[in-house]
Every structure is written in structure tokens, then in C-alpha cells.
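Student: Could you take me slowly through one part of this predicted model, beginning with a single hairpin and then going on to the helices and the empty spaces?

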Amino acid sequence: MKRMLLITLCLAGCAEPTAPPPKTTSGSVDDARIIAAAEVEPSSWLTYGQTYKEQRFSTLNQITRDNVSKLGLAWSKPIGGNTERMQGTPLVVDGVMYATNGWSVVYALDAATGEEIWTYDPETDREYVKYSCCGGVVNRGVAVYKGRVYVATYDGRLLAIDAETGQEVWDVDTWHPSALGRFNISGAPRAASGKIFIGNGSSEAGKRRGYVTAYDAATGEIAWRFYLVPGDPSQPFEHPEMEMAAKTWGGEWWKLGGGGTAWNSLVYDEELNSLYIGVGNGAPWPRDIRSPGGGDDLFLTAIVSVDADTGRMNWYYQTVPGDNWDYSAAMDIALGDMVVDGEPRKVLLQAPKNGFFYVIDRTNGELLRAHPYTEHISWATHVDMETGRPVENPEVVFEREPQWIIPANAGAHNWEPMSFDERQGIMYFYYHDYANFYSLDEHFVETGEYIIEEVGLSLGIGYGAYRERLMKESPNERHPTTGFLGAFDPLSGQYRWRVQLDTGFNGGVLATTTGVLFHGEGTGVMTARDSDTGDVLWHYNAKGSFSSSMISYAIDGTQYVATMVSGSLDYATPGTLLVFRLNGDAAQPEPSVRDRTIPEQPPQTASVEELDAGNTLYHAQCAICHRGLGQPSVVASASPDLRRMSAETRDAFEAIVLGGMKSDLGMPAFNEALSVEEVRAIKAFISEKAREARAEQLAEQNTRS
Ligand code: CA
């Protein structure tokens with residue numbers, strides 16, 4: 001009643017150009033309201049996955065299959081730069097939208113108009129891009145709880161902000177020396193049971209040990225911390241689960257960290273007062289390096305259920321015992337109820353990177369189904385339902401025979417949100433077939449020792465010239481990269497329908513009760529499809545790239561659909577919120593086209609050996625931000641493609657890399673990691689790659705003209 005009144009007042013007031021923004025009532029968001037939201041408040045989007053069950057299925061019914069062709073832009077608002085990856089889920093509470101950009105800046109906006117109410121800039125340390133994987137500057141959104149907005153920042157902090165005023169209440173550093181290296185946080189915090197839950201990322205950037213921390217929502221005090229990988233066994237274990245986990249590791253894993261970061265999925269179960277933690281991959285990737293003589297390496301790539309109040313473990317289910325391929329289980333998790341083999345079950349649903357779709361009983365961790373959701377899985381033959389374990393393919397052993405393996409480290413399905421229609425028992429989601437070349441680190445093969453990079457990538461699979469040589473000798477070819485969107489039945493393992501997409505990397509989906517499925521594609525096209533057939537009913541070209549989530553909400557009887565678009569390789573589109581409604585007639589500003597010309601290069605004077613050394617060093621040190629040169633991608637990276645560097649930048653190369661000349665832009669000095677000779681070799685290698693790419697560009701232009 002109180003909320004209704006406020007909305008009515010706002011409508012009267014908002015008609016005036018000088019009207020004050022709507023008053024927030026985010027103070028009323030608590031566990032009870034989030035739990036009730038699915039039934040009584042489909043007009044809101046109160047938490048990352050819509051409600052605690054994270055089904056992301058809208059029961060709003062104004063937009064239908066019949067009228068979706070009239071969908072148009074209601075408003076748009078740039079909130080990010082043209083190289084940030086806009087992956088956040090905006091929340092909508094009492095007419096206010098809370099959204100974040102890649103650098104974790106929080107925007108409170110009038111959800112009907114896009115008008116700004118306040119912004120909060122946590123002044124994220126730009127240098128933290130060096131701990132990211134592949135140059136992605138990402139924040140997946142906020143939690144709104146009891147009058148506050150909580151954001152976890154790219155430089156590893158958790159902040160509480162007053163929802164009314166946008167003023168900071170508290171700011172804690174979630175890093176602890178037990179995590180080893182500093183880390184990024186890209187995931188959204190979750191709020192429940194008086195606590196804020198958050199994990200961390202960066203397991204590819206050197207030594208890292210994953211954990212999840214629960215903070216008191218009011219004070220920011222630590223309530224509990226659950227480690228996901230055991231530490232040094234000569235020291236006391238932090239909690240009893242670590243003693244059990246340590247028995248499954250080999251060698252001196254704690255010196256390398258082990259990985260197991262929970263960088264995305266933390267799902268609260270209101271019925272069981274549990275938190276489900278989706279655990280990431282092992283680090284370094286190959287188990288021979290990470291845990292020689294070890295076993296399952298708990299709790300890597302597992303789903304762990306812990307008591308939300310005590311942080312003690314209820315159960316775990318490990319999707320990939322002894323992870324060897326970067327097969328994170330940190331992907332989104334949805335909760336629901338299903339009748340399985342005639343019995344009602346409380347289920348947990350996840351499609352992790354490894355290619356199998358899991359249905360798990362969330363009361364006890366029992367595996368109920370694990371059907372493949374892609375036709376192309378080479379690392380395992382199936383999941384044995386007796387043991388609950390995947391059966392690794394004995395023919396596919398990269399330690400013995402380096403080769404292309406599918407799915408790749410990017411997974412068959414990654415974090416991109418799925419949408420679960422519980423009535424039909426159907427999960428809508430996008431996945432891709434994408435292969436990677438796996439081998440063992442060269443120095444490790446030669447000496448049995450692994451040198452972990454303190455700055456740069458530390459994957460353990462070998463770099464640059466060495467890896468390229470192995471690729472030439474590969475026993476198999478790379479599987480083509482293809483994206484798919486489908487309606488999947490997790491119990492039968494069958495698709496009701498499945499369509500191939502125009503590109504391999506795409507965004508998340510939202511299904512609605514009226515049979516409309518919204519999806520953002522990597523090409524920058526957003527579609528509305530018939531969720532019974534996959535047929536396209538409407539599309540919108542945002543000129544950029546989607547790797548985002550989709551939400552729907554309603555204000556004063558109008559249903560909206562919102563998402564965010566990122567810049568692409570072709571368009572310098574700023575990270576922009578796009579909000580649609582029926583008969584919307586707003587226009588998105590035309591983005592500028594990116595100049596992708598590669599400048600002419602000076603003559604090459606480096607030897608083949610120097611170029612090979614530069615290749616290996618580039619991939620070890622630079623690729624974590626600047627990516628592998630020439631790698632296919634649709635999304636712009638926060639760190640520039642170095643093949644396009646100008647003559648001035650080339651002249652200043654050593655001053656930048658060793659002297660830290662561009663450290664204010666997030667490019668740190670590498671004077672402790674690299675020598676002058678090594679920097680020159682990297683520069684020569686980049687120039688060689690630029691020359692090749694420029695020749696290709698010119699040939700392409702000649703063919704066109
Ligand atoms: Ca990973």
C-alpha cells in the first residue's frame with residue numbers, strides 16, 4: 001500500500017520537468033520481501049537472479065508474441081566506457097534501477113526514464129586489470145538489502161552504500177594474505193540472512209587460493225569465511241572441511257595456491273538456509289603441475305552447500321574431480337522443484353563449463369541427472385550415474401599427446417544467465433562449441449619444475465612459440481567455434497528446439513510467461529523469439545556486442561525489458577543501458593566506428609630466435625590483458641590491441657613497459673619481471689604480428705575494391 005502511494009506520487013510529480021526523482025524505498029528489501037517477490041512482485045527485480053531461486057523467468061504479461069514486434073527503445077543511458085564489458089544485472093526496486101559499469105561505479109536511476117538519482121564511484125584501482133583474465137573489466141551488479149546497496153569492486157573490496165543518498169556506509173578489503181595474490185572481483189554480492197556473501201576471481205593470474213566470505217550486512221564485520229582449497233597442512237586448518245580436502249591433494253599444492261575461486265555463483269536457499277557456492281577451476285590448470293600424485297583436489301569445480309549462518313558445509317558435489325582443463329563450476333545456478341522419477345525433489349540446476357547439465361537434489365547433494373547439453377565433449381565420455389563421477393576419455397590425454405580439446409577453458413556454457421520455466425521444466429540458455437589447445441608447460445616437461453608467473457598468466461599449459469610448434473604437430477584439428485541457443489529439458493537431456501547463432505560468443509537470456517525469449521547476441525543484435533520454437537519475432541541492432549543479462553520489470557502498468565550493450569571490435573559503443581517497452585520511440589546515439597587499421601611497420605631486424613622468445617614472453621606476460629594476438633573475439637578489450645600501436649607508442653615502448661609511463665591508465669611497470677632485451681623481443685614479436693595482420697588487411701581491401 002505504501003509503495004503504491006509512492007509510485008502514484010511520483011507519477012504526478014515526474015510529469016514536471018523539474019520534478020524530484022522518485023523516493024527510494026529500498027529500505028524495505030529484506031529476506032521476506034525477496035522470498036515473496038516471485039508471487040506478489042513480478043514488477044521488481046530485487047536480486048541478481050531476480051529472486052533467491054535465481055530462475056530469471058518473468059511472469060509479466062504485457063509484452064506477448066503478438067505485440068512484441070512493436071517493442072522500441074524507451075530510454076538508453078551510457079554508463080560505461082567503450083572497452084568495459086557490460087555484464088551486470090541491473091536491479092529494480094520501487095521504481096529505481098541500480099546498475100554498475102565494469103569499473104564497479106554504481107548508478108541509481110529512475111527506472112522509467114533513466115534520469116540519474118545518484119552515482120557512487122568507488123575509485124577502483126585501474127592497475128587491477130593486470131589480475132583479470134583476458135582484459136575484461138567486469139562487474140555483474142549489486143545487492144540491495146535493508147536500505148543499502150552493496151557492490152564488490154574490481155580491486156577486491158566490498159562496499160555498503162546508503163540506497164537513499166548514495167553515500168558510503170562502509171568499505172572493507174576482502175583480500176586476506178591467505179588468498180596469496182591480490183584479486184579482482186567481478187561477481188555480484190548476494191544478501192540474505194543478515195549477511196552479504198562474496199567470493200573472488202583471478203585464479204589465472206599467478207598464485208591464488210579461493211574463499212567465500214560472509215559479512216554482517218549492518219557492520220561489515222566478517223561472520224565466517226569458507227576456504228575452497230586447503231592451505232599449508234603443517235599449519236592449523238582454518239575449518240574442519242579443509243582437513244578433509246587436504247587429503248585429496250598431492251605435492252606442495254599450497255605453494256602454488258591451487259585456485260578454486262568462486263567468482264560468480266553464490267545462491268541462497270531460503271528453504272534450507274543454505275548458500276550454494278559454485279567453485280572455479282584449479283590453478284595452474286594441469287593437475288600434474290598443481291597436485292602431483294593427488295586425487296580429486298577438493299573443492300575445485302564443485303558445488304558446495306554451506307549453512308548460511310555458520311559457514312559449515314552441508315554437502316558438496318564435484319563436477320570435475322581433479323580438474324585438468326579450467327572447467328569451472330562457477331556458472332549461474334537456479335533452484336526449483338521438480339518431479340524426478342515420480343518423486344518430488346528440491347533441485348539445483350547448473351550447466352557448468354564441462355558440457356554436462358546437472359540436476360542435483362539440494363537437500364543432500366545427490367546427483368539426479370547429468371546429460372550432455374552439447375554434442376561435442378571430448379574430455380569425457382559420460383557421467384557415471386552410479387558413482388556420480390565423469391568418465392574421462394582414455395583416448396584424450398594431453399599430457400601424453402598435446403591436442404585440441406572441447407569444450408575449451410571458456411567452457412561450453414559460461415556465466416551467461418539462463419532462464420528457467422519451472423512450470424514446463426525447461427531451461428533456456430546459450431552455449432557454444434569452442435576448443436582450446438592443451439599441452440604441458442615447456443619448462444615443466446623439461447625439468448619437472450614449474451615456475452609460476454607473479455605477473456601475467458600462469459596457466460601451466462605452455463606459451464607462445466612452444467605451443468605453436470605443438471599445434472603444428474597436433475593429432476587433431478580445431479573444432480569450429482559455433483554458438484547455439486535452445487530450450488533444454490534437464491531431465492530427458494533433449495532440446496525442444498535449438499538454433500545456431502551467427503557468432504560463437506553471446507549473452508544471457510530471459511524467458512517470459514507469455515512465450516517470449518529475449519537474448520543479446522555477440523553481433524550486437526538483440527532478439528525476441530518465440531520460446532516454443534526459437535523463431536525470431538523481433539530484433540534490434542544495438543551496434544556493439546552483447547555479453548550481458550536481460551531483465552524485465554514494470555512501472556505504473558508498463559512492462560520494460562532492460563539489458564546492457566558493450567563496445568565491439570567494430571563499434572566504439574559506450575557501455576550503455578538499453579531499456580525497451582511497447583511503442584518506445586527513443587533513439588540510441590549512433591556509435592562511432594573503430595579504426596582498426598594497422599599502421600605500417602619498420603623493417604624487422606630481430607632474429608627468428610628473438611621473435612620466438614618475444615612470442616613466448618608476450619603470451620606469458622602481456623596476453624592476460626592484451627589477449628593472444630589475432631584471437632577471434634567480438635568484444636573489445638580494456639587493454640588495446642598492440643598491433644595497432646602508433647609510431648610514437650612504439651618509440652616509447654620501453655619507457656611504458658619498464659618505466660611505467662602509462663601506469664595511470666592501468667599499464668603497470670614490468671621492470672621486475674622483464675629485462676630490456678626481453679622487452680625488445682616482445683616489441684619485435686608484436687611488430688611481426690602487426691606486419692602479418694596489415695598484409696591481410698590490405699589483401700582484404702584489394703579483394704573488396
Ligand atoms: Ca578460469
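Tutor: In this predicted model, strands E5 and E6 form a hairpin, with five residues lying between the two strands. One residue of that turn to look for is Gly114, whose phi is positive, at about 85°. The strands themselves, E5 covering residues 106-110 and E6 covering residues 116-120, run antiparallel and are joined by four bridges. If you want to follow the pairing at the level of single residues, start from Leu109, whose bridge partner in E6 is Glu116.

From the hairpin we can turn to a pair of helices. Two packed helices are described by the angle between their axes and the distance between the axes. For H7 and H10, the second of which spans residues 676-704, the angle is about 95° and the axes are 7 Å apart. Since angles of 65 to 115 degrees count as roughly perpendicular, H7 is therefore roughly perpendicular to H10. On the H7 side the contact is made by Glu610, Leu611, Gly614, Asn615, Leu617, Tyr618, His619 and Cys622, while H10 brings Glu678, Ala681, Ile682, Ala684, Phe685, Ile686 and Glu688. Sorted by class, the residues of this contact are nine nonpolar, three polar and three charged.

Helix H7 also leads us to an open space, the second largest pocket, which holds about 610 Å³. Its lining is made up of 28 residues, and the ones closest to the centre of the pocket are His626, Ser639, Pro640, Leu642 and Met667. Two elements, helix H7 (608-626) and helix H9 (653-657), each give two or more residues to this lining, and H7 provides the largest share, with four residues. Taken by class, the lining of the second largest pocket consists of 17 nonpolar, seven polar and four charged residues.

Last come the enclosed spaces. Rolling a probe the size of a water molecule over the atoms shows where empty space is left. Counted in this way, there are three cavities of 30 Å³ or more, and the largest cavity contains about 40 Å³ of space. Around the largest cavity you will find Ile185, Gly187 and Ala188, then Ile198, Gly199 and Asn200, and finally Ala262, Trp263, Asn264 and Leu266. These lining residues divide into six nonpolar and four polar, with no charged residue among them.

How values were computed. Residues numbered from 1 in each chain as written. Predicted model: local features only at pLDDT ≥ 70, side-chain atom pairs only at ≥ 80, totals over all residues. Heavy atoms only, no water. Pairing = 2+ DSSP bridges. 1 Å grid on protein atoms, 1.4 Å probe; cavity = no way out; pocket = protein on both sides within 12 Å on 5 of 7 lines; lining within 4 Å. Points joined across faces, edges and corners; volume = space filled by probe spheres on them. Nonpolar A, V, L, I, M, F, W, Y, C, P; charged D, E, K, R; others polar. Axes fitted to C-alpha atoms, helices over the stretch in contact; angles between N-to-C directions. Parallel < 35°, antiparallel > 145°, perpendicular 65-115°, else oblique. Contact = heavy atoms within 4.5 Å.
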